[in-house]
Amino acid sequence: MGYDLRFVHLGITIEHLQNHITIFGFSIAFYGIIIGIGMLLGITLAARDAEKRGIGEDTIYDFALLGIVFGVIGARLYYVFFRWDNYRGNLLEILNLRAGGLAIYGGVIGGILSLMVYCRRKKQNFLNLADSLILGVLVGQILGRWGNFFNAEAFGRYTDSLFAMQLRRDIVNPIMINSALLQHLVRVNGVDYIQVHPTFLYESVWNLCLLLFLLWYRPKKRFTGEMFFLYLGGYGLGRVWIEGLRTDSLLLPGTGIAVSQALAGVCVLVALLCILAGRRFAARGRKN
């Protein structure tokens, strides 16, 4: 009968990759379930951190709904902007989130902008609040990438490395399969497979390592906002190389440059400059 997915060199095989469950006739996507769990766990972690730091967990809960709504809006608008040709003929399709099309960086941008507005209205310190919230954001990103796994998406180009993953060609969205992947099709028992980098896994593990580092480092932080800038730089650094492996990246119009890769590089540079400046000001403050 074959399999839907196999990690070639690890001996891991999944015969049927289910991407939803059906309850009382309603189909519920695992992607949505995973995102929901990630949001709840992320908010809980951010709230606990805020409580320890004297901000108060109620502040996180107060902002959470606003941040989630504008995060989703930002993720959708970011995707639609760079895939405009797919929507210009049917604007109502922009509202069809069930068909997919959310970009993480758009969600981060939407969340940051909504936090700026919230902090201004509530007279809160943006960077102080962001230092707690990014812990929750990372939890959401760690789990969210596994939604991509169940959807058989967000993979990379061909590879025969240790983590090489084979996917049945007929369960993958055709627009994600480029000519390079077609040149390396693998046929097993009459079934065609693409063999790729599991970039969803790379990013999930990278984000987990970044979260563990931030949890270890937070008692040692030198200035307000350092956790936020470490997140921007750390996530950006991982995204620069991971995005370079992807086959379905959003591209800057008229170029072959991945939008997220370029934005990630900018984030790394900005974060580095802000961390250096922040530590310098903090050192001066201690001397004075």
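**Strand β7 and the setting of Gln195**

In this predicted model, strand β5, spanning residues 165-168, runs antiparallel to β7, and the two pair over four bridges. Within that pairing, Met165 sits across from Val196 of β7. On the β6 side, the sense is again antiparallel: β6 covers residues 186-188 and pairs with β7 over three bridges. Here Val186 is the residue that faces Tyr193 of β7. β6 and β7 make up a hairpin, with just two residues between the strands. Asn189, which belongs to the turn, has a positive phi of about 50 degrees.

As for β7 itself, the strand takes in residues 191-196. Five of its six residues are buried, so the rest of the structure largely encloses β7.

Gln195 is part of this strand. Its relative accessibility comes out at 5%, and because the cut-off for buried is under 20%, Gln195 counts as buried. So what do the polar atoms of the Gln195 side chain find around them? One of them lies 2.9 Å from the backbone oxygen of Thr159. There is also a side-chain to side-chain polar contact, at 3.0 Å, between Gln195 and Asp160.

Thr159 and Asp160 turn up again in the list of residues that Gln195 touches, leaving aside those up to four places away in sequence. That list also holds Arg157 and Tyr158, along with Ala164, Met165, Gln166 and Leu181, and it is completed by Val8 and Val186. Two of these names are familiar from the strand pairing: Met165 is the residue opposite Val196, and Val186 the one opposite Tyr193.

Note on methods. Residues are numbered from 1 along each chain as its sequence is written. This is a predicted model: local features need pLDDT of at least 70, side-chain atom pairs count only at pLDDT 80 or more; totals for chains, interfaces and linings use all residues. Side-chain values use heavy atoms; hydrogens and water are left out. Buried means under 20% relative accessible area, exposed over 50%, partly exposed in between (1.4 Å probe, protein chains only). A polar contact is a pair of N or O atoms within 3.5 Å; within protein, one must be able to donate a hydrogen and the other to accept it, and residues adjacent in sequence count only if both atoms are side-chain atoms. Contact means heavy atoms within 4.5 Å. Two strands pair if DSSP finds at least two bridges between them.
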